[in-house]
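Me: I should like to understand how this protein model is put together. May we go through it step by step?

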Amino acid sequence: MTLDRKLTLCAYALFIAAIFAVPLFVDEFGLNRIAKFLVYGMLGIAIALSWGYAGILNLGQGLFFGLGAYMLAMSLKLASPTSLQQGADKPVPDFMLWNAEPGAPTDLCCINKASFLWLPFQHQSVGLIMGIALPVIVAALLGIIVFRKRIEGPFVSIITLALVLLVRLVLVDAQPVTGGFNGLTDLASLEIFGFEFDPYSKGTYWLVASILTVTLVATRLIVETRAGLVLQAARDDQRRVRYLGFDVSLYQTFFFCVAAAIAGLAGMLYVIVAQFASPTFMDLAFSVTMVVWAAVGGRASILGACVGAILINMMEAGISETEALVGAWKAIIGLVFVLTVLFLPRGLGGLLHDLIGRFGAVARGKPRVAHVPASNAAVTEAKEA
């Protein structure tokens with residue numbers, strides 16, 4: 001194992017140790033807030049995977065986050081007291097009663113034309129499974145259509161942007177079924193094997209921290225596989241990779257689905273921590289903000305994008321709550337982004353990578369080897385794998 005790799009592993013280990021040490025110094029309210037930041041860190045990982053490694057700038061990542069959030073929120077809504085006390089044998093969401101036509105039966109099967117879609121979500125396991133399955137299915141269908149047609153560059157961004165805005169409009173317009181602008185609120189706490197994950201408990205924080213750790217490590221391992229090397233080569237030169245016999249669209253679709261699964265899982269965790277699901281998850285601003293997190297942290301670095309998302313959100317929370325900066329906190333965050341792009345084009349992750357490389361070169365007593373173009377290195381490694 002090279003010294004550079006050892007230092008990279010140390011960086012991962014320090015980050016993981018830091019997030020697990022947080023409960024030793026923070027109260028329950030602070031844990032809940034930091035748990036939300038860790039969820040955003042997972043979104044940073046998803047963006048780094050699709051944008052930094054696959055070269056797919058997805059401006060609709062909020063779609064997969066929102067789908068995951070709504071799937072679990074539907075199950076938790078049916079398990080809440082407000083749904084169990086509506087005068088029916090089976091739970092019925094309160095907003096369906098508010099929007100029901102006079103004389104409509106108080107039954108989930110037929111209180112409105114589409115309420116039957118909620119029936120499977122009476123089982124919490126359905127919400128947990130669909131929270132990942134639905135984003136992956138949507139991503140797979142979108143990937144097959146887009147990447148098979150060899151659509152790339154800004155056109156992919158436009159398509160994903162249009163799709164997330166379309167789904168948001170559908171959610172808002174279908175108020176009798178989705179809750180409309182209000183989203184899904186008054187949710188029950190997640191319960192697994194008799195253990196209830198209260199949003200402000202240490203158990204919930206451990207859950208989020210553990211899933212983030214597994215996601216971080218698993219994503220790192222995936223990008224280091226042969227498939228990950230092919231993907232990086234395709235990012236830089238698709239024609240050359242196709243010439244070598246690789247099905248580029250298949251690799252792109254696979255990693256696009258993995259990023260969607262991570263975003264869907266993040267959406268479910270956010271519902272557990274924040275206790276609501278909202279169409280604002282699919283706002284354009286939110287999806288673009290994810291890209292900013294990854295750019296600041298370093299889109300070509302899994303850990304960097306994760307840390308960037310966490311740090312930016314911590315800064316936003318701190319600055320927006322400072323009385324003297326309440327009116328200017330968005331401008332300050334924007335300035336940070338501009339300065340990062342100008343002076344750290346590869347983000348914090350790129351800076352850390354350079355420092356690790358220089359330290360390793362000094363430790364070996366050798367000058368650092370010039371940077372090899374990613375396309376050449378990745379294709380060579382992929383062929384040899």
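Reply: We may begin with a term: a nonpolar core is a set of buried Ala, Val, Leu, Ile, Met, Phe, Trp, Tyr and Cys residues joined through side-chain atoms within 4.5 Å. Buried means under 20% relative accessible area. Please keep in mind that this is a predicted model.

Me: Which residues touch the most other members of the largest nonpolar core?
Reply: In general, nonpolar side chains in soluble globular proteins tend to be buried together. In this model, the largest nonpolar core holds 108 residues. Those that touch the most other members are Phe15, Leu38, Leu43, Trp118, Leu184 and Tyr205.

Me: Which helix gives the largest share of this core?
Reply: The largest share amounts to 18 residues. These come from the helix that spans residues 248-274, namely H12.

Me: With which residues is Trp118 in contact, leaving aside its neighbours within four places in sequence?
Reply: Trp118 is among the core members that touch the most others. Once the neighbours within four places in sequence are left aside, its contacts are Met74, Lys77, Leu78, Pro93, Phe95, Met96, Leu108, Val177 and Leu184.

Me: Is Leu269 buried or exposed?
Reply: Leu269 is found in helix H12. Leaving aside neighbours within four places in sequence, Leu269 is in contact with Val39, Met42, Leu207, Val208 and Ile211. Its relative accessibility is 2%, and the cut-off for a buried residue is under 20%. Leu269 is therefore buried.

Me: How far apart in space are Leu269 and Phe65?
Reply: In sequence, Leu269 and Phe65 are 204 residues apart. In space, their separation from C-alpha to C-alpha is 9.9 Å.

Me: What percentage of contacts between residues at least 6 apart in sequence join residues at least 24 apart?
Reply: The protein chain has 385 residues, and buried residues make up 48% of them. Its secondary structure comes to 17 helices and two strands. Among contacts between residues at least 6 apart in sequence, the share that joins residues at least 24 apart is 74%.

Me: How many residues of helix H2 are buried?
Reply: Helix H2 covers residues 28-53 and has 26 residues. From its first C-alpha to its last it reaches 36 Å, close to the 38 Å expected at 1.5 Å a residue. H2 is largely enclosed by the rest of the structure, because the number of its residues that are buried is 22.

Me: Which residue just after H2 takes a positive phi?
Reply: The phi angle in question is about 75°. The residue just after H2 that takes this angle is Gly55.

Me: Which residues with a positive phi are not glycines?
Reply: Most residues other than glycine have a negative phi. Arg150, in the loop between H6 and helix H7, has a positive phi of about 60°, and at 55% relative accessibility it counts as exposed. Asp186, in the loop between helix H8 and strand S1, has a positive phi of about 55°, and at 46% it counts as partly exposed. Residues of this kind thus include Arg150 and Asp186.

Me: Which parts of the chain does the salt bridge between Asp247 and Arg148 link?
Reply: The structure holds five salt bridges. In one of them, the side chains of Asp247 and Arg148 meet at 3.3 Å, N to O. The two residues are 99 residues apart, and the pair links distant parts of the chain: the loop between helix H11 and H12, which holds Asp247, and helix H6, which holds Arg148.

Me: With which residue does Arg220 form a salt bridge?
Reply: Arg220 is partly exposed, with a relative accessible area of 24%. Its partner also counts as partly exposed, at 32% relative accessibility. The side chains meet at 2.9 Å, N to O, and the partner is Glu224.

Me: Which helix gives the largest share of the nonpolar surface patch?
Reply: Leu311, Met314, Leu348, Leu351 and Leu355 make a nonpolar surface patch of about 410 Å². The elements that give two or more residues to this patch are helix H14 and helix H16. Leu348 lies in helix H16 and, at 35% relative accessibility, counts as partly exposed. The largest share, three residues, comes from H16.

Definitions and conventions: Residues are numbered from 1 along each chain as its sequence is written. This is a predicted model: local features need pLDDT of at least 70, side-chain atom pairs count only at pLDDT 80 or more; totals for chains, interfaces and linings use all residues. Side-chain values use heavy atoms; hydrogens and water are left out. Buried means under 20% relative accessible area, exposed over 50%, partly exposed in between (1.4 Å probe, protein chains only). Helices (H or I, at least four residues) and strands (E, at least two) are DSSP runs, numbered from the N terminus. Contact means heavy atoms within 4.5 Å. Patches are made of residues with over 30% relative accessible area and no salt bridge: like charges are joined within 9 Å, nonpolar side chains (Val, Leu, Ile, Met, Phe, Trp, Tyr) within 5 Å. Accessible areas come from the Shrake-Rupley method with a 1.4 Å probe; for residues, only the protein chains shown count as cover. A salt bridge is a side-chain nitrogen of Lys or Arg within 4 Å of a carboxyl oxygen of Asp or Glu. The expected span of a helix is 1.5 Å times one less than its number of residues.
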